Amino acid sequence: MRRSSIIRFATVAMTGLALLSTMPRTASAQTVSQLSQAEAANKALVLDFWTKVFDAQDWTRAKDYLADDYIQHNPNVASGLAGFNAYFSKIWPNPKAATAIIATEFVAVVTQGDLVQLVMRRSRAEPGNELKTYDSYWFDLFRVKDGKIVEHWDPALKPVRN
């Protein structure tokens with residue numbers, strides 16, 4: 001996939017998110033009937049990956065979803081299934097107990113061709129006043145090929161070291 005196509009998709013998705021925020025909460029960005037069979041399968045794969053791996057914090061399940069040569073654009077995680085496992089096995093040494101799993105609530109799930117974008121709201125402590133919070137939004141963009149996630153983008157930055 002060309003870089004310009006990805007940038008165009010991200011721009012359209014973020015514009016759509018801005019418009020979505022002005023719509024009633026019952027409105028949906030896309031319905032299953034608007035998606036092709038391949039897009040619906042890609043969306044289902046990415047959502048299942050998120051539920052089984054991220055919500056459950058179970059890095060051992062990543063092999064069911066990620067291609068061995070998975071490309072990772074987060075600067076903190078190496079590419080490849082091995083790179084994903086090396087990073088997440090350190091922060092999630094054991095999966096969550098089933099009763100402790102909290103499902104992520106997505107603000108939007110946008111699917112176009114082989115791309116699936118997840119957008120979620122995260123409540124954060126207000127710097128300097130831990131009694132207040134503010135909402136921050138995060139996205140994860142995945143590319144799917146042949147029933148596996150082959151590429152991932154998010155807005156992560158390298159940690160600042162003092």
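A residue is called buried when its relative accessible area is under 20%, exposed when that value is over 50%, and partly exposed in between. These terms are applied here to the salt bridges of a predicted model.

A search of the whole structure finds 3 salt bridges. The table lists each pair with its N to O distance.

| Basic residue | Acidic residue | N to O distance |
|---|---|---|
| Lys 52 | Asp 48 | 2.8 Å |
| Arg 61 | Asp 64 | 3.4 Å |
| Arg 143 | Glu 151 | 2.8 Å |

**The pair within helix α2**

Asp 48 and Lys 52 both belong to helix α2, which comprises residues 37-55. Because the two residues are 4 positions apart in this helix, about one helical turn separates them. The relative accessible area of Asp 48 is 28%, which makes this residue partly exposed. Lys 52 is also partly exposed, at 29% relative accessibility.

**The pair of Arg 61 and Asp 64**

The side chains of Arg 61 and Asp 64 join in a salt bridge, with N and O atoms 3.4 Å apart. Arg 61 has a relative accessible area of 29% and is therefore partly exposed. Its partner Asp 64, at 38%, is likewise classed as partly exposed.

**The pair of Arg 143 and Glu 151**

Is the salt bridge partner Arg 143 buried or exposed? With a relative accessible area of 14%, Arg 143 is buried, because the limit for this class is under 20%. Glu 151 counts as buried too, its relative accessibility being 9%. Between these two buried residues, the closest N and O atoms lie 2.8 Å apart.

Terms used:
Residues numbered from 1 in each chain as written. Predicted model: local features only at pLDDT ≥ 70, side-chain atom pairs only at ≥ 80, totals over all residues. Heavy atoms only, no water. Salt bridge = Lys/Arg side-chain N within 4 Å of Asp/Glu carboxyl O. Buried < 20%, exposed > 50% of the residue type's maximum accessible area, 1.4 Å probe, protein only.
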